[in-house]
Amino acid sequence: MNTALPGSPETSMNSSTAALARARVLEKTRVIVFALKAGGTAKTSSCTSLATIIAQRGYRVLVIDLDPQCNSSQVLGYSTFRDGQLGITDVMKEQTELKDAVVQARYQVDEIDPDDPDAAYELIENLYIVPGNIDDPDIDEAERLLNDHRNADSYWIRDGLAAMDGEWDAVLIDCPATYGRTTVTAFIALDKDVDGEVLPPVLCTFKEAGALVRLEKKLHEIRTQRKYITKGISPEVKRILACAAPNSSYGTKEHFKTLAELEDAYGELLLPLVHWSGEMPKIYRDDCPVPIFAPNSMPAQEYNKVATALGFDRRA
């Protein structure tokens with residue numbers, strides 16, 4: 001970024017697909033990677049809220065849930081998997097391609113009938129997800145899977161998206177709170193020809209503000225590695241999303257001080273603020289994104305402003 005920050009048969013099939021994908025450019029799809037090495041910074045709530053709003057505005061949106069907690073999967077209707085359903089770890093193990101693990105996002109509207117569980121859900125128009133299965137024993141082993149040469153290589157997300165280029169207007173990737181191999185493979189999807197960015201959601205506390213410096217160091221490390229330079233890999237932070245911002249009814253002196261420091265250091269990069277709201281934790285109880293269950297709430301309105309600032313105007 002320009003502004004300085006302070007301080008197997010399946011394997012054979014997939015290899016051929018990967019080689020073909022690398023011959024193409026991911027040029028028709030916007031990619032936003034939600035990442036920050038700090039837990040509880042509103043990555044999932046921001047990812048699912050913005051994905052829902054952008055889809056409601058007429059764009060075809062894909063969410064990729066890389067976090068082993070599978071929170072985006074839960075919020076978008078997949079807290080449990082049906083028998084035989086594919087998920088993110090199946091792609092990592094090259095047992096399927098990324099496009100074949102895509103399902104339409106949904107939310108629960110009725111009691112679940114064991115004989116027909118899908119009938120309890122309403123589909124979300126234009127919104128899809130590659131979910132993670134919280135009950136999959138491999139969900140906590142993503143780093144091991146991606147470090148095993150028999151499984152997907154560093155470019156599995158980049159190749160998978162290139163193979164689907166033009167199918168999605170926007171891809172939003174929810175990353176774990178680490179900069180391990182899983183998150184790095186999301187960063188690698190951002191080359192110089194991709195309309196994309198790393199978007200860190202930051203809580204208004206000193207801990208999360210300091211995490212921005214470490215994020216930029218990691219991205220700089222990736223951008224300056226020869227193996228990535230030759231492929232044009234160039235992940236950057238272009239904007240910052242301050243979440244749980246203090247207001248007249250919420251916040252300590254520390255919150256207000258940190259917000260002022262963020263505004264001073266990154267003012268031109270800051271997106272419209274998302275203030276603290278008691279509505280946000282309900283996304284996990286209701287398994288539903290806030291713009292659907294509380295469309296008139298303050299966070300829904302503020303995430304709508306963020307979507308506009310990101311360039312996703314409502315389509316006619």
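These notebook entries record what I looked up about aromatic pairs and one charged surface patch in a predicted model.

**Entry: aromatic pairs**

I began with the rings, noting that a pair of aromatic rings is described by the distance of the centres and the angle of the planes. My search of the whole structure turned up four aromatic pairs, and I wrote down two of them in detail.

One of the four is formed by Tyr59 and Phe312, which meet edge-to-face, with 5.3 Å centre to centre and 90° between the planes. I then asked where in the chain these two residues lie. Tyr59 sits in the loop between α2 (43–56) and β2 (61–65), while Phe312 belongs to the segment after α13 (298–309), so the pair ties together parts that are 253 residues apart in sequence. I checked accessibility as well and found both Tyr59 and Phe312 buried.

I next turned to Tyr179 and Phe187, whose rings form a tilted pair at 6.2 Å centre to centre, with 50° between the planes. Tyr179 has 12% relative accessibility and therefore counts as buried, the cut-off being under 20%. For Phe187 I noted a relative accessible area of 0%, so Phe187 is buried.

**Entry: surface charge**

Finally I looked for charge on the surface, where Glu254, Glu261, Glu263 and Asp264 gather in a patch of negative charge. I followed up Glu261, one of these residues, and placed Glu261 in helix α10, which spans residues 253–266. Is Glu261 buried, partly exposed or exposed? Its relative accessibility is 36%, so I entered Glu261 as partly exposed, since that class lies between the 20% and 50% cut-offs.

Conventions: Residues are numbered from 1 along each chain as its sequence is written. This is a predicted model: local features need pLDDT of at least 70, side-chain atom pairs count only at pLDDT 80 or more; totals for chains, interfaces and linings use all residues. Side-chain values use heavy atoms; hydrogens and water are left out. Patches are made of residues with over 30% relative accessible area and no salt bridge: like charges are joined within 9 Å, nonpolar side chains (Val, Leu, Ile, Met, Phe, Trp, Tyr) within 5 Å. Accessible areas come from the Shrake-Rupley method with a 1.4 Å probe; for residues, only the protein chains shown count as cover. A salt bridge is a side-chain nitrogen of Lys or Arg within 4 Å of a carboxyl oxygen of Asp or Glu. Lys and Arg count as positive and Asp and Glu as negative; His and the chain ends are not counted. The place of a charge is taken as NZ of Lys, CZ of Arg, CG of Asp or CD of Glu. Helices (H or I, at least four residues) and strands (E, at least two) are DSSP runs, numbered from the N terminus. Buried means under 20% relative accessible area, exposed over 50%, partly exposed in between (1.4 Å probe, protein chains only). Rings of Phe, Tyr and Trp (its six-membered ring) pair if their centres lie within 6.5 Å; planes under 30 degrees apart count as stacked, over 60 as edge-to-face and the rest as tilted.
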